[in-house]
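Biologist: Got a model open that I'd like to walk through with you. Can we take it piece by piece, with the cut-offs spelled out?

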Amino acid sequence: MGTLSDKVRERMRQQAHAAREGMQGGNRTAPIYDLQGRNAAVKPGESVLGRLLPRWDIAQKFVRQGDQWVVNPQYQDDLIYFVALEHWWDDATGKPHREWCPRTFDEAAPCPLCEVADELLRAADKDDRASGKRMGARRSYLFNAVLGRSGKRQLTEGGKPDIRVLPLGNTLFVAVCGFMTGAGDSEDAAAFARGDISDPKDGYDVMLTRPANTQGERWQAQCAPQPSPLYTQAEAAAWADWMSLLVDLPAMVEREIRPYDDLYEAYFGERPPASGDAEEPGSAPVGVPAIPPPSAPPAAAADPW
């Protein structure tokens with residue numbers, strides 16, 4: 001079973017707790033598995049099988065010594081996911097829009113969408129406040145993942161693993177943290193933890209079930225009862241360079257965050273009156289981790305597992 005360091009386990013528990021507390025309350029440069037919208041990977045009321053993958057810099061964890069792979073003593077284990085802030089809103093036609101929030105990396109960054117949301121939340125009109133709540137920055141937990149059906153991983157047209165970014169909301173993220181660290185925050189819950197479910201050798205598949213409707217139902221997640229390898233020996237050729245296909249999640253979000261004026265125009269349909277001269281932003285969301293992007297990992301020459 002893949003193990004978790006105490007540091008990683010504690011950070012996951014803290015963030016899962018923050019996600020549970022918050023439950024009630026663009027531009028893409030990498031492939032993504034949508035869990036909602038017209039291109040959703042799973043239909044309402046149905047399930048999809050998937051595997052969460054290791055951290056995007058996992059290729060740095062091992063170094064070659066002679067004819068074998070050994071653990072790189074310079075490598076530091078860390079979270080396999082990245083927490084980003086995103087905004088959702090509906091335009092006049094009812095079409096939904098999504099943009100990453102600049103405050104993902106800098107709590108003090110000017111963001112016109114945060115400003116609009118704060119203003120709407122202070123409005124006297126109930127509908128305006130509801131719009132402000134929907135538009136406010138919310139956490140999105142980003143993982144590298146590969147989906148599949150009937151136990152087979154999904155491949156691209158070129159025969160490579162179809163590795164994409166999988167965004168999880170609060171409910172599914174809390175479930176995943178429960179699988180890895182235990183079902184709750186108590187010490188006894190740790191006895192039920194499966195550890196690092198992303199481990200390529202003996203990790204665990206997860207099944208995500210989409211609610212049939214949005215009225216009071218939530219996504220459900222189940223973890224396979226037994227570990228399994230990421231791929232079989234027969235599939236080894238297709239998976240030869242899978243680590244090079246992992247998306248550097250912080251770098252992806254940083255690339256896709258749009259400048260203040262562009263975000264302003266995306267919402268208002270016009271450039272701000274004094275282009276580039278943003279107003280002072282309101283207070284940033286509390287308790288959101290800002291994780292600096294790591295250096296890009298080198299392409300893996302071979303699979304050390």
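Modeller: Sure, and let's begin at Gly178, which is found in helix α4 (residues 170–181); helices here are DSSP runs of H or I with at least four residues, strands are E runs of at least two, and both are numbered from the N terminus. Ground rules: this is a predicted model, where local features need pLDDT of at least 70, side-chain atom pairs count only at pLDDT 80 or more, and totals for chains, interfaces and linings use all residues. Residues are numbered from 1 along each chain as its sequence is written, and side-chain values use heavy atoms, with hydrogens and water left out.

Biologist: What is the relative accessible area of Gly178?

Modeller: The cut-offs are under 20% relative accessible area for buried, over 50% for exposed and partly exposed in between, with a 1.4 Å probe and protein chains only. Gly178 falls in the buried class because its relative accessible area is 14%.

Biologist: How far apart in space are Gly178 and Gly195, C-alpha to C-alpha?

Modeller: Along the sequence, Gly178 and Gly195 are 17 residues apart. In space, their C-alpha to C-alpha distance is 9.7 Å.

Biologist: Staying in α4, which residue's backbone oxygen lies 2.7 Å from a polar atom of the Thr181 side chain?

Modeller: Thr181 is found in helix α4, and Thr181 is buried, with a relative accessible area of 2%. An α-helix has 3.6 residues a turn, so residues three or four places apart point the same way. The backbone oxygen 2.7 Å from that side chain belongs to Cys177.

Biologist: Now strand β6: which residues is Ser140 in contact with, leaving aside neighbours within four places in sequence?

Modeller: Ser140 lies in strand β6 (residues 138–149) and is buried, at a relative accessible area of 3%. Contact means heavy atoms within 4.5 Å. With those neighbours set aside, the list for Ser140 is Phe82, Val83, Ala84, Glu86, Trp100, Pro167 and Leu168.

Biologist: Why is helix α2 largely enclosed by the rest of the structure, and what do its buried residues pack against?

Modeller: Helix α2 (residues 112–121) is largely enclosed because seven of its ten residues are buried. Those buried residues are Pro112, Leu113, Cys114, Glu115, Val116, Ala117 and Leu120. They pack against β4 (82–90), β5 (96–100), α3 (126–135) and α6 (260–268).

Biologist: On to charges. In the salt bridge of Arg55 with Asp57, how far apart are the closest N and O atoms?

Modeller: Side chains of opposite charge can pair when their charged atoms come close. The rule asks for a side-chain nitrogen of Lys or Arg within 4 Å of a carboxyl oxygen of Asp or Glu. Arg55 is buried at 9% relative accessible area, and Asp57 is buried at 7%. Their closest N and O atoms are apart by 3.1 Å.

Biologist: Which residue forms a salt bridge with Asp162?

Modeller: Asp162 counts as buried at 9% relative accessibility, while its partner is partly exposed, with a relative accessible area of 24%. The closest N and O atoms are 2.8 Å apart, and the partner is Arg164.

Biologist: And which residues are joined into one network by salt bridges that share partners?

Modeller: Take Glu265 and Arg271, whose closest N and O atoms are 2.9 Å apart. Glu265 counts as partly exposed at 34% relative accessibility, and so does Arg271 at 38%. Shared partners make one network of Asp261, Asp262, Glu265 and Arg271.

Terms used:
A polar contact is a pair of N or O atoms within 3.5 Å; within protein, one must be able to donate a hydrogen and the other to accept it, and residues adjacent in sequence count only if both atoms are side-chain atoms.
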